[in-house]
Amino acid sequence: MRAIAACRTALAALSLVAAAASAAQDWPTKPITLVVPYPPGGPTDIVARVVAQGLGDELKQTIIVDNRSGAGGNIGADMVAKSTPDGYTLLLATTAHAINMSLFKNLNYDTRKSFAPVSLLTAGPLVIVTRPDLPASNVRELIALAKSTPGKLTFASSGNGQSTHLAAELFDAMAGVRMVHVPYRGSAPALTDVMGGQADLMFDTMLSSMPYVNGGKLKALAVTGAARSPAAPNVPTVAEAGLPGYEATAWNGLLAPAGTPASVVDRLNGALQKVLGRADIQQKFAAQGFASEWKTPADTARFLDTEVEKWAGVVKTSGATVN
């Protein structure tokens with residue numbers, strides 16, 4: 001009897017495996033939900049909607065963008081981490097999800113273990129913008145000003161622990177200066193106060209800042225990437241403008257829950273390679289200061305490891321905390 005029961009259990013397990021394999025082979029047979037852990041209208045949401053349209057066209061299936069904002073991107077990430085790993089719930093991850101690993105002490109997910117990396121989507125620099133009358137017109141002058149007035153210059157950010165915060169902390173550490181962090185709830189109010197003189201400067205996304213730079217309401221000192229941005233070719237990088245070795249990139253990536261079948265991840269990755277290679281998609285991203293950044297799942301995993309370790313060092317050095 002025990003032998004018969006064991007056989008039945010084994011057959012049931014094999015049936016489940018076969019069913020899962022069949023479902024993965026037929027994927028996708030229903031709409032896919034792309035969770036964006038930030039509010040509608042921001043840079044991450046814009047990227048998500050461009051990708052959702054292109055990916056939906058490629059997979060011949062509807063991609064639903066679901067904004068689940070809160071807790072620095074953790075609410076949406078936790079939701080996806082706990083969802084069924086069948087390829088029908090995906091996460092639009094950002095630099096914050098690498099930062100959060102060391103910034104938050106009690107996360108309910110692990111960026112490297114709770115997800116199956118699919119691909120990067122975009123990468124782009126931030127831009128250092130200042131109030132128009134700040135007596136510094138380039139990075140060298142900003143560093144000199146900060147050294148001559150320690151603890152006096154203020155930098156705004158879109159929130160505690162966001163890339164707009166930690167990029168400035170990395171700048172402080174590498175330049176040997178001390179500026180005061182003033183967190184806001186999003187880029188819009190932060191930029192408003194920089195333009196109004198209530199804060200001195202900000203490391204912000206190009207999408208948010210460049211319209212004000214072009215309108216003369218902000219000064220752009222440098223971009224934070226390894227190379228100049230096509231969206232602002234006359235603005236130097238921080239490294240070439242006075243702080244060699246500095247680089248901070250804002251990125252977006254696509255993650256699935258851990259345990260998602262490899263065949264589904266590979267199908268997604270192959271579809272994204274086509275989507276991100278399209279000229280019209282690249283032009284839409286370029287207009288926001290981003291570049292398409294397709295990677296294989298393995299390369300994406302290695303990239304996440306590097307980012308988690310890099311920002312952990314910045315969090316430790318800066319003493320950044322989230323209340």
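In the predicted model, helix α4 (residues 96-103) is largely enclosed by the rest of the structure, because 8 of its 8 residues are buried. The threshold applied here is a relative accessible area under 20%. The buried residues of α4 are Ala96, His97, Ala98 and Ile99, followed by Asn100, Met101, Ser102 and Leu103. The enclosure of α4 involves several helices and strands: its buried residues pack against the helices α3 (74-81), α6 (163-175) and α12 (297-318), and against the strands β3 (89-94) and β9 (249-257).

Internal space was examined next. A search of the whole structure yields 1 cavity of 30 Å³ or more, and the largest cavity holds about 30 Å³ of space. Its lining consists of Gly124, Pro125 and Leu126, together with Thr205, Met206, Ala250, Gln288, Gly289 and Phe290. Strand β4 (residues 115-130) supplies the largest share of this lining, with 3 residues. Classified by residue type, the cavity lining comprises 5 nonpolar and 4 polar residues, and charged residues are absent from it.

Among the open sites, the largest pocket encloses about 1,000 Å³ of space. A total of 39 residues line this pocket, and those nearest its centre are Tyr38, Ser158, Gly159, Gln162 and Gly186. Two or more lining residues are given by each of α2 (43-59), α6, α7 (187-196), α8 (206-214) and β9. Of these elements, α6 and β9 also appear among the packing partners of the buried residues of α4. The lining of the largest pocket divides into 21 polar residues, 17 nonpolar residues and 1 charged residue.

The second largest pocket has a volume of about 390 Å³. It is lined by 23 residues, of which Ala123, Gly124, Pro125, Thr249 and Glu293 are the closest to its centre. Two or more residues of the lining come from each of β4, β9 and α12. Strand β4 accounts for the largest share, 4 residues. In terms of class, 12 nonpolar, 5 polar and 6 charged residues make up the lining of the second largest pocket.

Several elements recur across these sites. Strand β4 gives the largest share of the lining both in the largest cavity and in the second largest pocket. Gly124 and Pro125, which line the largest cavity, are also among the residues closest to the centre of the second largest pocket. Strand β9 contributes two or more residues to the lining of the largest pocket and likewise to that of the second largest pocket.

How values were computed. Residues numbered from 1 in each chain as written. Predicted model: local features only at pLDDT ≥ 70, side-chain atom pairs only at ≥ 80, totals over all residues. Heavy atoms only, no water. Buried < 20%, exposed > 50% of the residue type's maximum accessible area, 1.4 Å probe, protein only. Contact = heavy atoms within 4.5 Å. 1 Å grid on protein atoms, 1.4 Å probe; cavity = no way out; pocket = protein on both sides within 12 Å on 5 of 7 lines; lining within 4 Å. Points joined across faces, edges and corners; volume = space filled by probe spheres on them. Nonpolar A, V, L, I, M, F, W, Y, C, P; charged D, E, K, R; others polar.
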